[in-house]
Amino acid sequence: MERELEKYLFDHSTPEDPVLKDLYRQTYIRFINPNMVCGHLQGKLLELVSKMINPSTVLEIGTFTGYSAICLARGLKADGRLLTIELNDELADFTKSYFQRAGIAEKIIQITGRAQDIIPGLTEVFDLVYIDGDKREYSEYYNLVIEKIKPGGYIIADNVLWDGKVVLKRTRDHQAKGIIEFNEMIKKQDNVEYIILPVRDGLMLIRKTF
Ligand SMILES: C[S@@+](CC[C@H](N)C(=O)[O-])C[C@H]1O[C@@H](n2cnc3c(N)ncnc32)[C@H](O)[C@@H]1O
């Protein structure tokens with residue numbers, strides 16, 4: 001039944017375009033932990049949310065092979081820019097080739113390094129930030145980016161259900177601990193409104209109110 005439903009979701013969503021289809025396939029063929037790629041349904045949601053916001057500036061933490069960056073960049077204003085930060089310096093050439101094939105390379109600034117080292121030096125004010133780096137570091141990313149988001153701007157954080165482990169009272173899973181800490185921290189903020197969408201591994205949509 002679950003498979004049938006998933007097929008139904010795919011059948012009733014705009015089909016994946018050939019560039020993203022190939023990127024997804026090559027990610028599975030060529031890289032370890034390919035399941036980190038967000039894939040079609042989540043990617044299409046990111047694309048449509050970005051198109052709704054129509055941002056001038058987007059920041060992504062965790063490029064991996066560039067799937068989500070392409071989706072988010074498709075919602076940018078004509079002169080908009082997406083900065084995407086990736087720790088692993090072996091990915092940049094592969095990713096860039098897909099940004100070119102997707103026709104959005106001139107809108108994307110790829111930065112290699114540790115997000116925590118790079119964000120403090122960024123001078124942009126962002127309309128949208130996508131958090132998808134190391135799950136143990138989500139709270140750190142949030143505390144660094146929140147001052148760089150304009151009031152009325154958004155954060156989308158991926159994997160906030162961490163395979164359902166967020167409901168465990170005790171866990172030794174450090175990623176789960178990081179996500180639980182992040183989710184609890186968001187509850188204590190007074191300048192955001194937020195919701196968890198149960199899409200794939202959980203997407204938290206956060207709007208900065210002031
Ligand atoms: C889940 S993957 C990103 C998937 C991608 N956003 C997508 O949907 O296709 C997480 C990526 O974050 C990177 N990463 C982990 N910690 C990081 C950090 N502190 N700064 C920048 N990138 C980081 C990892 O190397 C990995 O490629």
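This report describes the cavities, the pockets and the ligand site of a predicted model.

## The ligand and its surroundings

The ligand sits in the largest pocket. Around the ligand there are 21 residues, and those that come nearest are G62, S68, E86, A115 and D132. By character, this shell divides into nine nonpolar, six polar and six charged residues. Three elements, α4 (67-73), β2 and α6 (115-118), each supply at least two residues of the shell.

Several side chains place polar atoms beside nitrogen atoms of the ligand. For S68, an N or O atom of the side chain is 2.8 Å from a nitrogen atom of the ligand. For Q116, the corresponding distance from a side-chain N or O atom to a ligand nitrogen atom is 3.0 Å. Y141 also takes part, with a polar side-chain atom 3.3 Å from a nitrogen atom of the ligand. How much of the ligand does the protein bury? Taken alone, the ligand exposes 600 Å², and the protein buries 92% of that area.

## The largest pocket

The pocket that holds the ligand contains about 940 Å³ of space. Its lining is made of 38 residues, and M36, F64, D132, G133 and D134 are the closest to the pocket centre. D132 thus appears in two lists, since it is also among the residues that come nearest to the ligand.

The lining of the largest pocket divides into 14 nonpolar, 13 polar and eleven charged residues. At least two lining residues are supplied by each of α4, β2 and α6. These elements also each supply at least two residues of the shell around the ligand.

## The second largest pocket

A volume of about 610 Å³ belongs to the second largest pocket. Of the 22 residues in its lining, E6, F10, L41, Q42 and R200 are the closest to the centre. The helices α1 (2-11), α2 (18-30) and α3 each supply at least two residues of this lining. In character, the lining comprises ten nonpolar, five polar and seven charged residues.

## The largest cavity

Rolling a probe the size of a water molecule over the atoms shows where empty space is left. In this model, a search of the whole structure finds two cavities of 30 Å³ or more.

The largest cavity holds about 70 Å³ of space. Its lining consists of T63, F64, T84, E86, N88, L91, A92, T95, Q110, I111 and T112. The elements that give two or more residues to this lining are β2 (81-86), α5 (92-101) and β3 (108-112). Of these, β3 provides the largest share, with three residues. Which kinds of residue make up the lining of the largest cavity? They divide into four nonpolar, six polar and one charged. Two of the lining residues link this cavity to other sites described above: F64 is one of the residues closest to the centre of the largest pocket, and E86 is among those that come nearest to the ligand.

## The second largest cavity

The second largest cavity has a volume of about 40 Å³. L45, L46, V49, I156, L197, L203, M204 and L205 form its lining. Two elements, α3 (40-53) and β7 (203-208), give two or more residues each to this lining. The helix α3 also supplies at least two residues of the lining of the second largest pocket. In the lining of the second largest cavity there are eight nonpolar residues, no polar residues and no charged residues.

Note on methods
Residues numbered from 1 in each chain as written. Predicted model: local features only at pLDDT ≥ 70, side-chain atom pairs only at ≥ 80, totals over all residues. Heavy atoms only, no water. 1 Å grid on protein atoms, 1.4 Å probe; cavity = no way out; pocket = protein on both sides within 12 Å on 5 of 7 lines; lining within 4 Å. Points joined across faces, edges and corners; volume = space filled by probe spheres on them. Helix = DSSP H or I, 4+ residues; strand = E, 2+ residues; numbered from the N terminus. Nonpolar A, V, L, I, M, F, W, Y, C, P; charged D, E, K, R; others polar. Near = heavy atom within 4 Å. Polar contact = N/O pair within 3.5 Å; in protein donor to acceptor, adjacent residues only side chain to side chain. Areas by Shrake-Rupley, 256 points an atom, 1.4 Å probe, with all protein chains shown as cover. Sits in = over half its atoms within 2 Å of the grid points.
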